Amino acid sequence: MSPERLAEILVYASIVHLFNREPERCLEVIEESLGRGFFLNLEWNVYDPVRDQERFQAALADNLRAREAAQQSAKMRYEVLLPKGYSADERYPLFIACHGNMSTLVSFKERWTPGCMLRAG
């Protein structure tokens, strides 16, 4: 499993624990994520039930450090996909798909497959 996928799973796991009224388990997952060097969007309202807890406040500081470290070492990644039979002499429509909200290029590609557009050219 890629680190990106694991980070995404841990984010969702922390939220599921909140929905299941398991705030301690949510905090454990947040701490596990931070221990692995991942950061989360702890600003999301979904974390309001644990926001005032001391462990969450400590996690906020660790989260900020992890986010800053990630931003320092981050590299912009993109992919250009060309249709079968591509020719530089032809004109083609441009389609740009952006991911966000803690998703990665890897997880985004699992949900959105460009095959039909590439076949159509």
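**Notebook: surface patch, core and a loop residue**

I began with Y86, which I located in the loop between α3 and α4 (105-111), keeping in mind that this is a predicted model. Its relative accessibility is 39%, so I entered Y86 as partly exposed, a class that lies between the 20% and 50% cut-offs. I then looked up its surroundings and found that Y86 belongs to a nonpolar surface patch together with M76, Y78, V80, L82 and Y92, the accessible area of the patch being about 720 Å².

Next I turned to the chain as a whole, where I counted five helices and zero strands, which gives the pattern α-α-α-α-α when read along the sequence. For the 121 residues I noted that 26% count as buried, and for the accessible surface I noted about 8,800 Å², with 55% of that belonging to carbon and sulfur atoms. Of the contacts between residues at least 6 apart in sequence, 62% join residues at least 24 apart.

For the interior I looked up the largest nonpolar core, which has 14 residues, and found that I30, L34, L40, L42, Y47, V50 and F56 touch the most other members. Two or more residues of this core come from each of α1 (3-19), α2 (23-35) and α3 (54-73), and α2 contributes the most, with four. I kept in mind that nonpolar side chains tend to be buried together in soluble globular proteins.

Last, I checked the backbone at R21, in the loop between α1 and α2, and found a positive phi near 60° in this non-glycine residue. Most residues other than glycine have a negative phi. With a relative accessibility of 75%, R21 counts as exposed, because the cut-off for that class is over 50%.

Methods: Residues are numbered from 1 along each chain as its sequence is written. This is a predicted model: local features need pLDDT of at least 70, side-chain atom pairs count only at pLDDT 80 or more; totals for chains, interfaces and linings use all residues. Side-chain values use heavy atoms; hydrogens and water are left out. A nonpolar core is a set of buried Ala, Val, Leu, Ile, Met, Phe, Trp, Tyr and Cys residues joined through side-chain atoms within 4.5 Å. Buried means under 20% relative accessible area, exposed over 50%, partly exposed in between (1.4 Å probe, protein chains only). Patches are made of residues with over 30% relative accessible area and no salt bridge: like charges are joined within 9 Å, nonpolar side chains (Val, Leu, Ile, Met, Phe, Trp, Tyr) within 5 Å. Accessible areas come from the Shrake-Rupley method with a 1.4 Å probe; for residues, only the protein chains shown count as cover. A salt bridge is a side-chain nitrogen of Lys or Arg within 4 Å of a carboxyl oxygen of Asp or Glu. Contact means heavy atoms within 4.5 Å.
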